[in-house]
Amino acid sequence: MAVKTVKVDLPAEIFDVEVNIPLIHQVVVAQQAAARQGTHATKTRGEVRGGGRKPYKQKGTGRARQGSTRAPQFAGGGTVHGPQPRDYSQRTPKKMKAAALRGALSDRARNGRVHVVDSLVSGDKPSTKGALAALTSLTDRVGYLVVLERSDALTWLSLRNAPEVHIVAVDQLNTYDVLAADDVVFTKGAYDVFVGGSSAPAAAAEKPAATETTDTPELPAGAKAPLKSGKNPKGFEVLGKTSGVYLVEGDADYDAAGGDFWFKSVEDAEAAGLTRAEKESDK
């Protein structure tokens, strides 16, 4: 079955960049390291069961003195400096991963190994034979990386068991898979998603983060906001509340209540329309 290829202009910022081989090597090594489980473990002489009794007396046997049969020199003894569980993952910045992926795709594109097809399966039923025939019509090489949309279940079911094909979702495309395959085959939908979204992370990284704004209550005339410690500014002793009352030193709750703002005098507080808390409670 001949597959219908789609003629597209591969963006130069993705498929025609300078290849940085050391960067690609670093990213691939980090990806392979992250795939390691790191669950290997050995037991030291203190963790091996047994060996609590001295194997023979200290002197008189002519042999070297020994205190336990679980020492490293004995069969069944502990291991010295053996592997222990560890995390092999390396921190790789997102920009490095993106640059390495662009370099790998550029290398494949320059050698004519990036293909965009309309579809690999005709009809509405999965067909491994038909999908493989479509791939072999593209190239004679036998290692394929097929990039699909997650919703493309038909192609996924057709190729998931083919040993010469590795399928990856478009949002999981990575440098190692590109380098491990001879040819990279995009479906048109996956290509549009990849090209349309590939520049978004870079643009978001370049765009400065919006400054966080906090809603601060509007201060009445003649009032000052509390200090960062919550205390009153120097010279401002009258405590004002957004509920429309104020407190002076000696009033109940003056020391316990936190001030929303502070006035220099009672006259300033009353001029701003506030009433004394005790007077309000007596009404």
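Is strand S3 largely enclosed or left open by the rest of the structure, and how many of its five residues are buried? Four of the five residues in S3 (residues 165–169) are buried, so the strand is largely enclosed by the rest of the structure. Keep in mind that this is a predicted model. The chain has 283 residues, of which 31% count as buried, and it carries nine helices and nine strands. If you take the contacts between residues at least 6 apart in sequence, 67% of them join residues at least 24 apart.

**The four-stranded sheet**

- S3 belongs to an open sheet of four strands, ordered S1-S4-S2-S3, and the pairing is parallel.
- S1 and S3 are the edge strands here, each pairing on one side only.
- On average, neighbouring strands in this sheet are turned by 25° against each other, ignoring direction.
- Helix H4 (residues 128–136) packs on the sheet and touches S2, S3 and S4. The direction of H4 makes about 115° with that of S2.

**How S3 and S2 go together**

- S2 (residues 144–148) runs parallel to S3, and five bridges join the two.
- If you want to find the register on screen, look for Leu145 opposite His166 of S3, and for Val146 opposite Ile167 of S3.
- Between these strands sits helix H5 (residues 153–159) in the β-α-β unit that S2, H5 and S3 make, and that unit is right-handed.

**Strand S4**

- All the way along, S4 is covered: five of its five residues are buried, so this strand too is largely enclosed by the rest of the structure.
- Asp183, Val185 and Thr187 point one way from S4, while Val184 and Phe186 point the other way. Both sets are buried.
- S1 and S4 run parallel and are joined by four bridges; Val117 stands opposite Thr187 of S4.
- S4 also pairs with S2, again in the parallel sense and over four bridges. Val147 has Phe186 of S4 as its bridge partner.

**The nonpolar cores**

- As a general point, nonpolar side chains in soluble globular proteins tend to be buried together.
- The largest nonpolar core in this model has 20 residues, and the ones touching the most other members are Phe15, Val147, Leu173, Phe186 and Phe194.
- Helix H1 (12–15), helix H3 (94–110), strand S1 (114–117), S2, strand S4 (183–187) and helix H7 (188–206) each put in at least two residues of this core.
- H3 gives the largest share, with four residues.
- Phe186 is worth a click: leaving out residues up to four places away in sequence, Phe186 touches Phe15, Val114, His115, Val116, Val117, Val147, Leu173, Tyr191 and Phe194.
- There is also a second, separate core of 16 residues, with Val117, Val121, Val146 and Ala162 among them.

**Helices H2 and H3**

- Two packed helices are described by the angle between their axes and the distance between the axes.
- For helix H2 (residues 21–34) and H3, the axes come within 9 Å and cross at roughly 115°.
- The H2 and H3 crossing is left-handed.
- On the H2 side, Leu23, Ile24, Gln26 and Val27 make the contact; on the H3 side, Met96, Lys97, Ala99, Ala100, Gly103 and Ala104 do.
- Ala34 is in H2 as well, and is partly exposed at 48% relative accessible area.
- Ala34 and Tyr88 are 54 residues apart along the chain, yet their C-alpha atoms are separated by 5.9 Å.

**The five-stranded sheet**

- The other sheet to look at is open, has five strands in the order S5-S8-S6-S7-S9, and shows mixed pairing.
- Strands S5 (223–224) and S9 (275–276) stand at its edges. Each has a single partner strand, so one side of each is left without a neighbour in the sheet.
- S9 runs parallel to strand S7 (residues 245–247), with two bridges joining them.
- Tyr246 has Arg276 of S9 as its bridge partner.

How values were computed: Residues numbered from 1 in each chain as written. Predicted model: local features only at pLDDT ≥ 70, side-chain atom pairs only at ≥ 80, totals over all residues. Heavy atoms only, no water. Buried < 20%, exposed > 50% of the residue type's maximum accessible area, 1.4 Å probe, protein only. Pairing = 2+ DSSP bridges. Right-handed = clockwise from strand over helix to strand, strands pointing away. Core = buried A, V, L, I, M, F, W, Y, C linked by side-chain atoms within 4.5 Å. Contact = heavy atoms within 4.5 Å. Axes fitted to C-alpha atoms, helices over the stretch in contact; angles between N-to-C directions. Left-handed = near helix turned anticlockwise from the far one by under 90°.
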